[in-house]
Number of protein chains: 2
Amino acid sequence: MKLQVEQKLASKKINPTAMRILVLELLLQQNSAISLSDIEKGLETADRITIYRTLKTFEQNGLIHSIEDGTGTPKYALCVEDCSTHEHYDMHVHFYCNSCEETFCLPDHKIPDISLPTGFSPAEMNLIVKGICENCAQ
Amino acid sequence: MKLQVEQKLASKKINPTAMRILVLELLLQQNSAISLSDIEKGLETADRITIYRTLKTFEQNGLIHSIEDGTGTPKYALCVEDCSTHEHYDMHVHFYCNSCEETFCLPDHKIPDISLPTGFSPAEMNLIVKGICENCAQ
DNA sequence: ATAAGCCATGCAATGGTATTGCATTATTGT
DNA sequence: ACAATAATGCAATACCATTGCATGGCTTAT
Ligand SMILES: [Mn+2]
Ligand SMILES: [Mn+2]
Ligand SMILES: [Zn+2]
Ligand SMILES: [Zn+2]
């Protein structure tokens, strides 16, 4: 198990330090995206700044992607696609539940092509759908 | 001119105070969405908190809508649709220019229908396209 | 084995923003 | 003109992101 985690780090050329292993293990347990504060609460002995830089490193090396879900605080989730340094391919829909306030990746639901006015050239896209998630549906 | 502004406020049942007239006039001059700080800089004698509450009032009464463009600081723009209290119909695409860092409403470009996994029911949507705007295209 | 160098960590400090309470002032309707 | 109501300005609070700097641990070359 720990080996798998360390291999995952190594495959992204990230030095497997104790803190990074802990953060990655926590990320692997989630089924929704989590914030920096969530991680801080989920780990006993962890400095917020170190987690902050750990996440920056993870994101830069294509291990996780950051999600702006409209709450103002970024959420983080593992990349399912084969992302690399500064090359993220997470053009999928994200869902924010107004009830449980969780943010979900929907990697199987790609963002459709969007027509733009002439002169506008797109580079990235971010689509957030807000509503009620499957867990909160009665 | 001032009459038109006051009428616009009255049509949304907003008391036309001096500050509100100033803020609305400033909003009418823009061709891109602006932030609270932008408005604060654009007005000489203006308390940030008052502008903050002015924008909240405008938004609640369907005069402007708030845009989360991924920068973390909300931008505001006039509603083109006929929005009312707590009923916004701004399901259009927003464009953030990575060069000039301006946020544009594209009211003629609606967000297409998005298929979701079973159990997820959508309420609102927010689509941000990032890239280069027409002004910055060389 | 030892020393130097690199990398990661933790602490402190800074800056920005949103949000609320409360007292004062302005506006409205009678 | 007066009373009731609404808006404003100031202060305070609470988060959060971001950077500098000093320390410590691990790696590597000598
Ligand atoms: Mn995702
Ligand atoms: Mn808009
Ligand atoms: Zn939910
Ligand atoms: Zn531009």
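## A donor at the surface side

Welcome to this predicted model. A good place to begin is A:Cys105, which is partly exposed, with a relative accessible area of 23%. The SG atom of A:Cys105 is one of the donors that coordinate the manganese ion (ligand 1).

## The manganese site in chain A

Which residues join A:Cys105 around the manganese ion (ligand 1)? They are A:His65, A:His92 and A:His94, each through NE2, and the coordination distances run from 2.1 to 2.3 Å. Along the sequence, these donor residues follow the spacing H-x26-H-x1-H-x10-C. A:His92 sits in strand E4 (residues 92–97) of chain A and A:Cys105 in strand E5 (residues 103–110) of chain A, so this pair ties together parts that are 13 residues apart in sequence.

Is A:His92 buried or exposed? With a relative accessible area of 1%, A:His92 is buried, whereas A:Cys105 is partly exposed.

## The manganese site in chain B

Now turn to the manganese ion (ligand 2), whose protein donors are the NE2 atoms of B:His65, B:His92 and B:His94 together with SG of B:Cys105. They lie 2.0 to 2.3 Å from the ion, and the donor residues are spaced H-x26-H-x1-H-x10-C in sequence. Here B:His65 belongs to strand E2 (residues 64–67) of chain B and B:His94 to strand E4 (residues 92–97) of chain B, so the two tie together parts that are 29 residues apart in sequence.

How accessible are these two histidines of chain B? B:His65 is buried, at a relative accessible area of 2%, and B:His94 also counts as buried, at 3%.

Note on methods. Residues are numbered from 1 along each chain as its sequence is written. Chains are lettered from A and ligands numbered from 1 in the order in which they are written. This is a predicted model: local features need pLDDT of at least 70, side-chain atom pairs count only at pLDDT 80 or more; totals for chains, interfaces and linings use all residues. Side-chain values use heavy atoms; hydrogens and water are left out. Donors are N, O and S atoms within 2.8 Å of the metal (3.2 Å for Na, K and Ca); water is not among the atoms, so sites may look incomplete. Helices (H or I, at least four residues) and strands (E, at least two) are DSSP runs, numbered from the N terminus. Buried means under 20% relative accessible area, exposed over 50%, partly exposed in between (1.4 Å probe, protein chains only).
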